[in-house]
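Visitor: I have the structure open and I'd like to know what stands behind the labels. Can we go through some of them?

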Amino acid sequence: METEEQARNRFQSELEFIQCLANPNYLNFLAQRGFLRERPFINYLKYLLYWKEPEYAKFLKYPHCLHMLELLQYEHFRKELVNAQCAKFIDEQQLLHWQHYSRKRTRLQQALAEQQQQQPQQPPHGNAAAK
Amino acid sequence: MAAAAEKPTKERLLSVLDDLEVLSRSQKLPQPGEDVQVLELLVQRDREFQELMEVAQQQGSVHQEMQLLEKEVEKRDSDIQQLQKQLKEAEHILATAVYQAKEKLKSIDKARKGSISSEEIIKYAHRISASNAVCAPLNWVPGDPRRPYPTDLEMRSGMLGHMANMPTNGVNGHLPGDALAAGRLPDVLTPHYPWQSSDVSVGMLPPHHGNDFGLEPPGHNKENEDDVEAMSTDSSSSSSDSD
């Protein structure tokens, strides 16, 4: 039986660990050292799925980790992560996705700026909606 | 009625008629005694004939009644079939309705379980957006060290990183610009990132697992040594290749 402090520490470390899974390079690291092949580790990954519940998920600063965790439940994905190219590809795609909203926002701002140039009489709208 | 097991009325009528015909046709010279006999036979046959006719008439009316009743039966039969069809249809409709109601109840339950106050959701949205965890900062260019995941530095400066820093490891120098690589920072200077959230999560406990896995996750104890020293995953080196 663990004490409450031990439990809290465990919470903290599990919180940190699961968010590390959002880093594809770290995943590649784990794969190359064979952690992803070990049955206890695989069981642990399944146990970590509790972070999907809202009362736990609200502590996650890097939500990408949840998607990675889901993918890690599949053996095929775990096998593929051994390749550095695979990790690199995931990293690139992740970054592109990450930039998607800011690019969209920039485009909207540009469109709005053009619109304002064409119709200078209209008062400019706030950009609050363009999230 | 007279023996129903005997020949049918029609046959009997015909045979009586035949007899009458034979009797009335016989051309042979009647013997003195035979006239009377023939006449008596004739009368007898005629009487039989009359009786049989009555019987036939009665049988006819009975037959008519039977037909009427059969028609009634047919009508009732078709009524029953109609009702049967309607019952089947009603059952089908009710079954569908019950099924859909059950599905609806299930989805209501599900929705109720997953309901979160909108305020919390907005708060969370603010948290993850403000730190650029889900949306890149507007001025991000390749070469910027910020990432949608915890970087090496952040990982090492967390609780897990410190657990590994207990045994001295001098082999982690090959990460450029990494302040921790030279050795442990005094605790005071250790950066504390919000993704570790030790202040926010004061009351929170993880679900109990009773050590089923048989292995501490990497990030604890021995595994974290390798974790920290050999991790050449510094993203700033790879970002120049991307896009």
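Visitor: Why does A:Glu70 count as partly exposed?

Guide: Keep in mind that this is a predicted model. A:Glu70 has 33% relative accessibility. Buried means under 20% and exposed over 50%, so at 33% A:Glu70 counts as partly exposed.

Visitor: What makes A:Lys52 and A:Glu70 a salt bridge?

Guide: Their side chains meet at 3.0 Å, N to O. The cut-off is 4 Å between a Lys or Arg nitrogen and a carboxyl oxygen, so the pair qualifies. As for the chemistry, side chains of opposite charge can pair when their charged atoms come close.

Visitor: Which parts of the chain does that pair link?

Guide: Distant ones: A:Lys52 sits in the loop between α3 and α4 of chain A, A:Glu70 in helix α5, and 18 residues separate them. A:Lys52 has a relative accessible area of 41%, so A:Lys52 is partly exposed.

Visitor: How do you know that A:Glu4 and A:Arg8 are about one turn of the helix apart?

Guide: Both lie in helix α1 of chain A, four residues apart. An α-helix has 3.6 residues a turn, so residues three or four places apart point the same way. Their side chains form a salt bridge at 3.5 Å, N to O, which is within the 4 Å limit. A:Arg8, at 35% relative accessibility, counts as partly exposed.

Visitor: Why is B:Lys106 called exposed?

Guide: B:Lys106 has 53% relative accessibility, and the label exposed starts over 50%, so B:Lys106 gets it. Its salt-bridge partner is B:Glu103, at 3.3 Å, N to O. B:Glu103 comes to 33%, so it is partly exposed. The two lie three residues apart in helix α2 of chain B. Salt bridges with shared partners also join B:Asp19, B:Arg45 and B:Glu48 into one network. Over all chains, the count is 11 salt bridges.

Visitor: On to the rings. How many aromatic pairs are there over all chains?

Guide: The count is 14. One of them is A:Tyr47 with A:Tyr50, which is tilted, at 5.1 Å centre to centre and 55 degrees between the planes.

Visitor: Why is that pair called tilted?

Guide: The 5.1 Å is within the 6.5 Å limit for a pair, and 55 degrees is neither under 30 (stacked) nor over 60 (edge-to-face), so tilted is the label left.

Visitor: What makes A:Tyr50 and A:Tyr56 edge-to-face?

Guide: Their planes are 75 degrees apart, with 4.7 Å centre to centre; 75 is over 60, so edge-to-face applies. Both A:Tyr50 and A:Tyr56 are buried, and A:Tyr47 is buried too. Ring pairs join these three tyrosines into a cluster with other residues, including A:Phe41, A:Tyr44 and A:Trp51.

Visitor: Where do the buried residues of helix α3 of chain A pack?

Guide: Against α1, α2, α5 and α6 of chain A. Among those buried residues are A:Phe41, A:Ile42 and A:Leu45.

Visitor: And in chain B, what is B:Phe49 in contact with, leaving aside neighbours within four places in sequence?

Guide: B:Leu13, B:Val16 and B:Leu17. B:Phe49 itself is in helix α2 of chain B. B:Leu13 is 36 residues away in sequence, yet 6.5 Å away in space, C-alpha to C-alpha.

Terms used
Residues numbered from 1 in each chain as written. Chains lettered and ligands numbered in written order. Predicted model: local features only at pLDDT ≥ 70, side-chain atom pairs only at ≥ 80, totals over all residues. Heavy atoms only, no water. Contact = heavy atoms within 4.5 Å. Buried < 20%, exposed > 50% of the residue type's maximum accessible area, 1.4 Å probe, protein only. Phe/Tyr/Trp six-rings, centres within 6.5 Å; stacked < 30°, edge-to-face > 60°.
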